[in-house]
Amino acid sequence: MALSASSLSAQSINVDFGAGSVPSDSYAAAGRAGRWNVIGVLPPYTRASLVDVTGSPVAAKIYMYGGTQLLQFDNPSTLGDDGSLMDDMLIGQNDPVDECLWIEDLVDDDYEVLIYAMTPDDPSRMCRVRVDDGTPGPVNVGGAWPGAQEIGVTYERFVVHTSGGLIAFHSGLYGGYFQSGMNGVQIRPLSATSVPNPPRAGAATPRISPKPSHGTDLVRFVLPSAFSRGRLELFDIRGRLVWSQTLESGHEGCWDGRDLGGRVVPSGVLFAHLSDLASGLPWSTTRVVRLR
């Protein structure tokens, strides 16, 4: 399904599970900057309305089962917006049902789902998170705050195709009888119409080598000095997310030619999208040719 720019925004939703401070609209975490919904413990299957990243009300609603309380802890390592997102957590005890949440009434599409699951008061605790029918499968997330959002430590990234306008995501394990939880979730569609925006005049683009890449070559990216910290994402021509990495200014990132599920990406044209995590500036787009 082709989505317009406005409907893409309407399907992009940020949720902070908590009851205290709220991340600012300029805070992207590991996803897209914009308005954050604050959701606490909801009675089982009770729907709560949501707004999109522009702050506009949307048809999508969230509901839950198994999330029974809020854990709040002032982690001295997390500051500002990071603390607002990561210092509280919707938790459950997997007794016996795991923590289950749903976002409904979405437009069916391929979505990126980011689940934040770092326990603020216990770096030794791992939270098993998953998205129904998503890629990859269940992943353990946890550890000490690494100084910035880091995949596998503070969050995990999933890709899923919705059916019936529903995304279901979980923390824990049925019958596990242990604590697990989530700090927040971000979703955004990966429709092909979100890919082919040409670079704006004067837009910063990453340096890429080699161009094109051949066989087992590593594709190397260097963030422009104009961006202090950026998110680099590769999409295929259908708009599906293939790979992503956060880069610091002047640092090199390497792509090994595999997708998020570890599969070798075939020959073809990919689109490298660059966004500035500090300011949330729009992406620029660069073509990457992969030859095998």
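**Figure 1. Lining of the second largest pocket.** By class, the lining of this pocket splits into 10 nonpolar, 5 polar and 6 charged residues. The model shown here and in the other views is predicted. A total of 21 residues line the second largest pocket. Nearest its centre lie Asp236, Arg240, Leu241, Val242 and Asp259. The space inside the second largest pocket comes to about 370 Å³. Three strands each give at least two lining residues: β11 (155-161), β19 (241-248) and β21 (268-276).

**Figure 2. The fold as a whole.** The protein has 22 strands and 2 helices. Its chain counts 292 residues, and 52% of them are buried. Take the contacts between residues at least 6 apart in sequence: 66% of these join residues at least 24 apart.

**Figure 3. The largest cavity.** The structure contains 1 cavity of 30 Å³ or more. About 30 Å³ of space lies within the largest cavity. Its wall is made by Asn14, Gly31, Arg32, Glu112, Leu114, Gln186, Ile187 and Arg188. Strands β8 (110-116) and β14 (184-189) each provide at least two of the lining residues. The largest share, 3 residues, belongs to β14. Sorted by class, the lining of the largest cavity holds 3 charged, 3 polar and 2 nonpolar residues.

**Figure 4. Asparagine 94, a buried loop residue.** Asparagine 94 sits in the loop between β6 (88-92) and β7 (99-104). Its relative accessibility is 1%, so asparagine 94 counts as buried, the limit being under 20%. Phi of asparagine 94 is near 55 degrees, a positive value in a residue other than glycine. Where does the side chain of asparagine 94 reach a backbone oxygen? It does so at phenylalanine 178, at 2.7 Å. A polar atom of the asparagine 94 side chain also lies 2.7 Å from the backbone nitrogen of leucine 173. Beyond four places in sequence, asparagine 94 touches Glu99, Ser171, Gly172, Leu173, Gly175, Gly176, Tyr177, Phe178, Gln179 and Ser180. Both backbone partners, leucine 173 and phenylalanine 178, appear among these contacts.

**Figure 5. A cis peptide bond in the β6-β7 loop.** Aspartate 95 and proline 96 are joined by a cis peptide bond. Omega is about -5 degrees for this bond. Proline 96 is placed in the loop between β6 and β7. Asparagine 94 belongs to that loop too.

**Figure 6. The β9-β10 loop.** Proline 136 lies in the loop between β9 (127-131) and β10 (139-141). The peptide bond leading to proline 136 from threonine 135 is cis, with omega near 0 degrees. Aspartate 133 is found in the loop between β9 and β10 as well. Its phi is near 65 degrees, a positive value in a residue other than glycine. Is aspartate 133 buried or exposed? Aspartate 133 counts as exposed because its relative accessibility, 76%, is over 50%.

**Figure 7. Two nonpolar cores.** In soluble globular proteins, nonpolar side chains tend to be buried together. The largest nonpolar core here has 34 residues. Within this core, Phe17, Ile62 and Phe169 have the most contacts. Strand β4 (residues 57-65) gives the most to the core, 4 residues. A second core stands separate, with 14 residues. Val219, Phe221, Val265 and Leu270 are among its members.

**Figure 8. Contacts of phenylalanine 169.** Which residues does phenylalanine 169 contact, leaving aside neighbours within four places in sequence? The set is Phe17, Ile62, Glu99, Cys100, Leu101, Trp102, Ile103, Ile115, Arg130, Val131, Met182 and Val185. Phe17 and Ile62 share with Phe169 the most contacts inside the largest nonpolar core.

**Figure 9. Leucine 166, partly exposed.** Leucine 166 is in the loop between β11 and β12 (167-171). Its relative accessible area is 31%, so leucine 166 falls between the 20% and 50% limits and is partly exposed. The contacts of leucine 166 beyond four places in sequence are Tyr63, Trp102, Ile103 and Glu104. Aspartate 108 is 58 residues from leucine 166 along the chain, yet their C-alpha atoms are separated by 7.9 Å.

Methods
Residues numbered from 1 in each chain as written. Predicted model: local features only at pLDDT ≥ 70, side-chain atom pairs only at ≥ 80, totals over all residues. Heavy atoms only, no water. 1 Å grid on protein atoms, 1.4 Å probe; cavity = no way out; pocket = protein on both sides within 12 Å on 5 of 7 lines; lining within 4 Å. Points joined across faces, edges and corners; volume = space filled by probe spheres on them. Nonpolar A, V, L, I, M, F, W, Y, C, P; charged D, E, K, R; others polar. Buried < 20%, exposed > 50% of the residue type's maximum accessible area, 1.4 Å probe, protein only. Polar contact = N/O pair within 3.5 Å; in protein donor to acceptor, adjacent residues only side chain to side chain. Contact = heavy atoms within 4.5 Å. Core = buried A, V, L, I, M, F, W, Y, C linked by side-chain atoms within 4.5 Å.
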